[in-house]
Amino acid sequence: MSRHLGLAEEDTALLRDSGALPIDIADGMIENVLGKFELPLGLAGNFMVNGRDVLIPMAVEEPSVVAAASFMAKLARPAGGFLTSSSAPLMRAQIQIVGLADPANARLSLLRNKARLIELANTKDQLLNKLGGGCRDLEVHTFLDSPRGPMVVAHLVVDVRDAMGANTVNTMAEAVAPLIEEITGGTVRLRILSNLADLRLARAQVRVAPEHFETDAFSGTDVIDRIIDAYTFAAIDPYRAATHNKGIMNGIDPLIVATGNDWRAVEAGAHAYACRDGHYGSLTTWEKDREGHLVGTIEMPMPVGLVGGATKTHPLARLALKILGVKTSQELAEIAVAVGLAQNLGALRALATEGIQRGHMALHARNIALSAGARGAEVDQLVRQMVQDHDVRSDRAEALLKALREQ
Ligand SMILES: CC(C)(COP(=O)([O-])OP(=O)([O-])OC[C@H]1O[C@@H](n2cnc3c(N)ncnc32)[C@H](O)[C@@H]1OP(=O)([O-])[O-])[C@@H](O)C(=O)NCCC(=O)NCCSC(=O)C[C@@](C)(O)CC(=O)[O-]
Ligand SMILES: NC(=O)C1=CN([C@@H]2O[C@H](COP(=O)(O)OP(=O)(O)OC[C@H]3O[C@@H](n4cnc5c(N)ncnc54)[C@H](OP(=O)(O)O)[C@@H]3O)[C@@H](O)[C@H]2O)C=CC1
C-alpha cells in the first residue's frame, strides 16, 4: 500500500506509529494540553477528479462514510468521474463602524478612498503580494435601522492564495481600522473575517448512467427517479435539508480534518451559504439529463489552505496533502466538494432504495462489537453473526461475546 501511495519509509512509520503527533508539537498548537485525541484515518478510493486519480484521506469516527464515498466514486468513473472548478481564493474581512450620524455619506467616503485603504491593507503581507495575492477590493454595506442605530460595515476582499486566510485578513482589517475611523468619523468595533466565504466557491459535477444503479430489487431508472425525489425533499423542506447537508459534510469534514484545516470555518460557511436565498436548502442539485443519466452538482464556500493553521504543523496533515498530490488551495477545495457530492449520492441512493440501516449497521457492527468488549478475532465473529441475523445491538453483542468466551 505504501509503495502504491508513493510514501517514503518515514511516512509509513508515521502512519503505523500511534505517536504521529509528538506531544511537544501538540503542546505548541493549543493551550493546556492534556494529551492527544486520535481518530481513525481512512482512505477513500476510486476518485477521478478532472481526469486525475486521487486517493482521499479521511479522518472520521463514523462507519460507512469511507465505504459510501468509495462506492459512489466507483459509479462515477465510467462517465469520467468528477469535473470541478473554483473561484479565486477570495476571503472577506469585516470592519464594523458605529457612532455614525451620516451612514450614506460614510459609505461614499470609504468608497472614494478605496485605493488608499487597499494599499494600506497590502502593506501588511509582503509575501502574499509576491505570491500574487493581496487585498483586491472594498465593499461597503449599510444597515440604516439596526436596534443600535445606523451601522456601516466595510469588507476587505482579499486573495489569500494557498492559505485559509483568517489570520491574514484579520491582520489587514486591524491595520486599516484607524484610517477608516479617520475617513468616516465613526468608531470601529469588530475587525474579523466573515465565515460566509461566498466569494470563495468550489464546484463539482458528476454524471452516472442508470445501469450503474441497477440492483435485483430496483431498475436503474427507478433508482434515479427516487434519488431526484429525495433531493427535491431537501430542496423544499429545511428539516430534511439539514440532514441532507449533514450527509454532504460527512464527506467533506473528514478531508478537512485530515489536512489540518479548520472544519468549523468550513461548516459555518456551508450552512450560511445554504440559506443565502432566505430559505435553508440543499447544497447539491440532482437532475436527469436528456439521456436519462443522473447529474449531480455542488457549489459551496470552501475556505481551505495548504499553509497556515495546523496544515504545516501536524505531521499527518502534511502526509494527507502529499497523498492528495495537490499543489494549490483551489485544487484541495475542488476535491473536497467532489467528495461531498459523492457522499451525498451515497446516502441518497441508500435512503431512496433499501434504507440506510443495512449498509451502515453492517459496518457499524464492528463498533458495537468493540464496545461490548470483543477483541481481535472475536470482533469478526460477532460482526458476522449480528449481520447474518440482521440484529446489530449492544445487548446482543454482549450476549454473543459471553457465549463465545464460555465455549
Ligand atoms: C456501505 C455501503 C457502501 C455498502 O454497500 P453494499 O452494496 O452493501 O456493499 P458492497 O460490499 O457490494 O460494496 C460496494 C462498493 O462499496 C465500497 N465499499 C464497500 N465496503 C467497503 C469498505 N469496507 N471499504 C471501502 N469501500 C467499501 C466499494 O467501492 C465496493 O465496491 P468494490 O470495491 O467491492 O468493487 C452502502 O450501503 C452505502 O453506500 N450506504 C450508505 C452509507 C452512508 O451514507 N453512510 C453515512 C452515514 S449515515 C449519515 O450520517 C447521513 C445521512 C444518511 O443521514 C445523510 C442523509 O440523510 O442524507
Ligand atoms: N473565524 C475563523 O474562521 C477564524 C479562524 N482562525 C484560524 O486562522 C488560521 C488560518 O489562518 P491563515 O491566515 O490561513 O494562517 P497563517 O497566518 O498561519 O498563514 C497565512 C500566511 O502564510 C504565509 N504564506 C506562505 N505561503 C503562502 C501561500 N502560498 N499562500 C498564502 N499565504 C502564504 C502568508 O504570509 P506571511 O507568512 O508573510 O504572514 C500568509 O499571511 C486557522 O488556524 C483558523 O483556525 C483564526 C481566527 C478566526
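Welcome to this tour of a predicted model. Begin by selecting ligand 2 together with A166: a polar backbone atom of A166 is 3.3 Å from an oxygen atom of the ligand. Keep ligand 2 on screen and add N167, where a polar backbone atom lies 3.0 Å from an oxygen atom of ligand 2. Now add M164, whose backbone offers an N or O atom 3.1 Å from an oxygen atom of the ligand.

How much of ligand 2 does the protein bury? Taken alone, the ligand exposes 940 Å², and the protein buries 68% of that.

**Around ligand 2**

Next, show the shell around ligand 2. Two elements give two or more residues to this shell: α7, residues 126-130, and α8, residues 166-184. Colour α8 if you like, since the largest share of the shell, four residues, comes from that helix. Then pick out D125, G165, T168, N195 and D262, which come nearest among the 21 residues around ligand 2. If you colour the shell by residue character, you will find ten nonpolar, seven polar and four charged residues.

**Over to ligand 1**

Move on to ligand 1 and select K74. An N or O atom in the side chain of K74 is 2.5 Å from an oxygen atom of ligand 1. Add R358, where an N or O atom of the side chain is 2.6 Å from an oxygen atom of the ligand. The third stop here is E62, with a polar side-chain atom 3.0 Å from an oxygen atom of ligand 1. On its own ligand 1 has 1,100 Å² of accessible area, and the protein covers 67% of it.

Which elements each supply at least two residues of the shell around ligand 1? They are α4, α10 (238-258), α13 (329-352) and α14 (357-371). Highlight α10 here, because the next count belongs to it: six residues of the shell, the largest share, come from α10. The shell as a whole holds eight nonpolar, ten polar and six charged residues. Of the 24 residues around ligand 1, those that come nearest are S64, K74, R240, K246 and R358.

**A closer look at S64**

Stay with S64 for a moment. You will find S64 in the loop between β2 (52-59) and α4. Is S64 buried or exposed? With a relative accessible area of 19%, S64 is buried. Show H360 as well: the side chains of S64 and H360 are joined by a polar contact of 2.7 Å.

**A pair of rings**

Now turn to the aromatic side chains, where the count comes to one aromatic pair. Select F47 and F82 to see the pair: the ring centres are 5.4 Å apart and the planes stand at 20°, so F47 and F82 are stacked. Zoom out a little to see where the two residues come from. F47 belongs to strand β1 (residues 41-49), while F82 lies in the loop between α4 (65-76) and β3 (83-86), so the pair ties together parts that are 35 residues apart in sequence.

Try a surface view of these two rings next. F47 counts as buried, at 1% relative accessibility. F82 also counts as buried, with a relative accessibility of 2%.

**Charges over rings**

Two further stops show a charged end sitting over a ring. Select W263 and R264: the charged end of R264 sits over the ring of W263, 4.4 Å from the ring centre. Then select Y273 and R276, where the charged end of R276 sits over the ring of Y273 at 3.9 Å from its centre.

**Two last stops**

Go to S146, which is found in strand β5 (residues 134-146). S146 is buried, its relative accessible area being 19%. Add G149 to the selection: its backbone oxygen lies 2.5 Å from a polar atom of the S146 side chain.

Finish at E214, in the loop between β8 (201-208) and α9 (220-236). Is E214 buried or exposed? E214 is exposed, with a relative accessible area of 52%. For a sense of scale, place a distance line from the C-alpha of E214 to the C-alpha of S394: the two residues are 34 Å apart in space and 180 residues apart in sequence.

Technical notes. Residues are numbered from 1 along each chain as its sequence is written. Chains are lettered from A and ligands numbered from 1 in the order in which they are written. This is a predicted model: local features need pLDDT of at least 70, side-chain atom pairs count only at pLDDT 80 or more; totals for chains, interfaces and linings use all residues. Side-chain values use heavy atoms; hydrogens and water are left out. A residue is near a molecule or strand if one of its heavy atoms lies within 4 Å of it. A polar contact is a pair of N or O atoms within 3.5 Å; within protein, one must be able to donate a hydrogen and the other to accept it, and residues adjacent in sequence count only if both atoms are side-chain atoms. Accessible areas come from the Shrake-Rupley method with a 1.4 Å probe; for residues, only the protein chains shown count as cover. Ala, Val, Leu, Ile, Met, Phe, Trp, Tyr, Cys and Pro count as nonpolar, Asp, Glu, Lys and Arg as charged, and the others, Gly among them, as polar. Rings of Phe, Tyr and Trp (its six-membered ring) pair if their centres lie within 6.5 Å; planes under 30 degrees apart count as stacked, over 60 as edge-to-face and the rest as tilted. Buried means under 20% relative accessible area, exposed over 50%, partly exposed in between (1.4 Å probe, protein chains only). A charge sits over a ring if NZ of Lys or CZ of Arg is within 6 Å of the ring centre and within 35 degrees of the ring normal.
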